[in-house]
Amino acid sequence: MKRNILALGFLPIAKRLKQFLIGFLITGILCILTQFLESYLKLSTWILNENITGEIILISFWWDVKSVLTEELIFRGALLYILIQKIGLHKSILISAIAFGIYHWFSYGILGNLMAMILIFIGTGLMGYAWAWAFSKTKSIMLPFGLHLGWNFIYNTIFSNGPLGELVFITKGGNELTNWMSLLNFTSGLVIVPILVLLFVRYCVKDETKII
């Protein structure tokens with residue numbers, strides 16, 4: 001029997017909305033902390049963009065929603081959902097994470113740059129593992145969707161790191177990071193944050209009994 005989109009765990013609405021908001025807040029806060037760590041290390045400051053408007057923020061937020069939802073429906077919705085039924089949970093989560101890491105080689109346009117490929121694969125692969133695990137434990141796409149959107153919205157829209165250019169806050173001044181400071185900045189966003197999210201999923205997310 002074919003299952004419709006509700007098989008991805010959009011119901012009950014109140015419960016799934018709560019999971020979404022918790023995920024959004026967790027990665028949103030982690031993203032803020034990493035941005036201020038980078039600012040501290042660079043001796044730079046964040047200033048409000050004088051040209052920003054509510055309309056621009058909404059447009060950017062909608063762009064983030066569409067891009068995140070597309071990735072979630074592919075990597076957690078379709079790929080992971082099907083794999084769990086075919087080959088079991090643990091292998092499916094690992095394959096989903098690997099696919100998510102490789103996908104970002106293309107979305108970031110770094111194919112051929114070996115060092116960048118390794119670093120991005122580690123960071124996005126770890127985060128993809130955490131989000132896939134969250135999906136498997138909650139039997140819903142909503143927690144990983146919140147975790148994913150919380151990071152992307154704060155990173156792209158609030159701190160102007162995405163492809164849409166300068167948005168809410170823009171950085172001013174500062175120095176290029178070198179040596180250990182560059183390593184610390186890298187590990188905070190691409191290693192420490194995914195590990196913290198993994199710990200949250202491991203210890204704070206209840207394993208629901210519904211079979212996917």
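Okay, quick definition to start: when I say helix or strand, I mean a run of residues picked out by DSSP, at least four residues for a helix and at least two for a strand, numbered from the N terminus. With that in hand, one more thing before we look around: this is a predicted model.

So, K139. You'll find K139 in the loop between α4 and α5. Its phi is near 60°, a positive value in a residue that isn't glycine. Why do I bother pointing that out? Because most residues other than glycine have a negative phi. Is K139 buried or exposed? It's buried, because its relative accessible area is 10%, and buried means under 20%.

Now go to L43. This leucine also has a positive phi, near 60°, and again we're not talking about a glycine. L43 comes just after α1, in the loop between α1 and β1, and β1 covers residues 45-48. At 64% relative accessibility L43 counts as exposed, since the cut-off for that is over 50%.

Let's walk back along α1 itself. Helix α1 runs over residues 13-42, so that's 30 residues. How far apart are its end C-alpha atoms? They are 43 Å apart, and at 1.5 Å a residue the helix should span 44 Å, so the two agree.

Keep going back, into the segment before α1, and you hit P12. The peptide bond joining L11 and P12 is cis, with omega at about -5°. For context, most peptide bonds are trans.

Next, the surface. L94, I98, I102, F106 and L111 make a nonpolar patch of about 450 Å². L94 sits in helix α3, residues 89-107. It's partly exposed, because its relative accessible area is 45%, and partly exposed is the range between 20% and 50%. When you look at the spacing of those numbers, remember that an α-helix has 3.6 residues a turn, so residues three or four places apart point the same way.

Last stop, the largest pocket. How much space lies in it? About 810 Å³. The lining of this pocket has 31 residues, and the ones nearest its centre are Y108, T124, W151, Y155 and L190. The elements giving two or more residues to that lining are α1, α2 (54-87), α3, α4 (114-138), α5 (142-158) and α6 (179-204). Which element gives the largest share? That's α6, with six residues.

That's my tour, thanks!

Note on methods
Residues are numbered from 1 along each chain as its sequence is written. This is a predicted model: local features need pLDDT of at least 70, side-chain atom pairs count only at pLDDT 80 or more; totals for chains, interfaces and linings use all residues. Side-chain values use heavy atoms; hydrogens and water are left out. The expected span of a helix is 1.5 Å times one less than its number of residues. Patches are made of residues with over 30% relative accessible area and no salt bridge: like charges are joined within 9 Å, nonpolar side chains (Val, Leu, Ile, Met, Phe, Trp, Tyr) within 5 Å. Accessible areas come from the Shrake-Rupley method with a 1.4 Å probe; for residues, only the protein chains shown count as cover. A salt bridge is a side-chain nitrogen of Lys or Arg within 4 Å of a carboxyl oxygen of Asp or Glu. Buried means under 20% relative accessible area, exposed over 50%, partly exposed in between (1.4 Å probe, protein chains only). On a 1 Å grid over the protein atoms alone, a cavity is a set of points where a 1.4 Å probe fits but cannot get out, and a pocket is an open set with protein on both sides within 12 Å along at least five of seven lines; lining residues have an atom within 4 Å of a point. Grid points are joined across faces, edges and corners, and a volume is the space filled by probe spheres set on the points.
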